[in-house]
Amino acid sequence: MTRTFARMRWVLGAVVGGVLLTAASPLRAQQEPPLRATPDGRPLTLTFSDEFETFRPLRGRSGVWRTTFGDGTHLGLDRRSLPTNGELQLYVDPDIPGPRGSLNLNPFSVRDGVLEITAVPTPPELRPFLNNYAYMSGVITTQPSFTQTYGYFEMRAKLPRGKGLWPAFWLLPADQSWPPEIDVMESIGDPSQVFVTTHSKATKAEGFERRIAGDEFHTFAVSWDENDVVWYIDGKEAGRHKTPADMHKPMYMLANLAVGGNWPGAPDARTRFPATYEIDYIRAYRFAR
């Protein structure tokens with residue numbers, strides 16, 4: 001092991017495994033219990049909840065979160081980024097092999113009940129094993145542990161700040177088709193500016209840009225049924241439009257921290273690394289009948 005690789009492993013461990021108190025600690029104590037109804041009064045039944053007291057990666061039939069895109073049948077590194085977006089990161093986990101076993105790369109940790117997804121530059125000596133990607137980060141998906149047609153989906157999170165950082169919370173079809181897609185939240189470098197969008201073959205992409213207080217925890221949610229897609233931020237409606245014709249099938253949830261891309265651009269000298277996306281909880285509900 002070279003000194004640079006050893007230092008990178010230490011940096012990841014220091015960021016994700018330490019006990020230093022952050023803003024997440026006092027805010028975590030204020031966590032809201034699961035909802036009984038949507039903000040507009042529709043009764044809800046909780047169907048999925050991860051409060052991130054621990055992180056449960058999918059391993060065979062156990063665990064919750066897949067840490068690659070797709071359904072797990074693709075080997076290698078081809079489901080660990082979205083090159084069509086021009087992204088600069090590879091989504092890593094401890095399963096990625098090196099010349100002498102696992103590279104022991106882990107962008108995920110839990111501190112004070114908050115999941116942290118951490119992005120860092122890739123050390124030069126690791127790039128040959130990671131398709132020469134310049135950055136390492138993480139993605140989590142509920143494929144195949146949880147899918148649902150319609151419902152209310154929410155995440156409480158604090159977004160990172162810095163040019164080229166692209167955190168998101170979104171839904172994709174269980175049948176692995178695309179589109180449709182529901183973007184519950186995306187942000188590109190400025191945590192006070194978020195975007196909510198649907199993508200569909202039946203209609204053009206439709207969405208809204210909203211301003212929020214940056215560098216704080218917020219709750220991002222979407223209500224999706226056969227008639228409407230309605231977004232909420234901190235319990236207040238952030239936009240709505242009719243459900244596209246091809247958005248009537250089971251979908252699963254994803255959260256990720258991309259780096260770079262055609263939309264946010266590449267990081268610059270002011271982008272601070274390690275960069276961390278902090279997720280307090282992710283929940284899903286059915287509309288009670």
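In this predicted model, the side chain of Ser81 comes to 2.8 Å from the backbone oxygen of Gln89. Ser81 belongs to the loop that runs between strand 1 (44-50) and strand 2 (89-91). Although part of a loop, Ser81 has a relative accessibility of 5% and therefore counts as buried, the limit being under 20%. Its surroundings can be read from its contacts: with neighbours within four places in sequence set aside, Ser81 is in contact with Phe69, Glu87, Gln89, Leu90, Tyr91 and Tyr133. Gln89 thus appears both as the partner of the Ser81 side chain and in this list of contacts.

It helps to place this detail within the whole chain. The protein has 289 residues, and 54% of them count as buried. Its secondary structure comprises 2 helices and 18 strands. Among contacts between residues at least 6 apart in sequence, 68% join residues at least 24 apart. The protein exposes about 13100 Å², and 52% of that area is supplied by carbon and sulfur atoms.

Ile140 offers a second place to look. This residue sits in strand 8, which covers residues 139-141. With a relative accessibility of 0%, Ile140 falls under the 20% limit and so counts as buried. Once residues up to four places away in sequence are left out, Ile140 touches Phe52, Phe55, Trp65, Arg66, Phe108, Leu115, Met253, Leu254, Ala255 and Ile282. A further distance can be given for Phe169: from C-alpha to C-alpha, Ile140 and Phe169 are 9.7 Å apart in space, with their positions 29 residues apart in sequence.

Trp65, one of the residues touched by Ile140, leads on to the aromatic rings. The structure holds 14 aromatic pairs. One of them joins Phe48 and Trp65, whose ring centres are 5.7 Å apart; their planes meet at 85°, so the pair is edge-to-face. This pair links distant parts of the chain, with Phe48 in strand 1 and Trp65 in the loop between strand 1 and strand 2, 17 residues apart. Both partners are buried: Phe48 has a relative accessibility of 9%, and Trp65 has a relative accessible area of 0%.

A second edge-to-face pair is formed by Tyr152 and Tyr285, with ring centres 6.1 Å apart and planes at 65°. Here too the pair links distant parts of the chain: Tyr152 lies in strand 9 (residues 151-158) and Tyr285 in strand 18 (residues 275-287), 133 residues apart. Tyr152 counts as buried at 2% relative accessibility, and Tyr285 is buried with a relative accessible area of 0%.

Ring pairs also build a cluster, which is made up of Phe48, Phe52, Trp65 and Phe146. Two of its members, Phe52 and Trp65, are already familiar from the contacts of Ile140.

Finally, arginine side chains are found over aromatic rings. Arg42 lies over the face of Phe287, at 3.8 Å from the ring centre. In the other case, Arg283 lies over the face of Tyr281, at 3.6 Å from the ring centre.

Key:
Residues numbered from 1 in each chain as written. Predicted model: local features only at pLDDT ≥ 70, side-chain atom pairs only at ≥ 80, totals over all residues. Heavy atoms only, no water. Helix = DSSP H or I, 4+ residues; strand = E, 2+ residues; numbered from the N terminus. Buried < 20%, exposed > 50% of the residue type's maximum accessible area, 1.4 Å probe, protein only. Contact = heavy atoms within 4.5 Å. Areas by Shrake-Rupley, 256 points an atom, 1.4 Å probe, with all protein chains shown as cover. Polar contact = N/O pair within 3.5 Å; in protein donor to acceptor, adjacent residues only side chain to side chain. Phe/Tyr/Trp six-rings, centres within 6.5 Å; stacked < 30°, edge-to-face > 60°. Lys NZ or Arg CZ within 6 Å of the ring centre and 35° of its normal.
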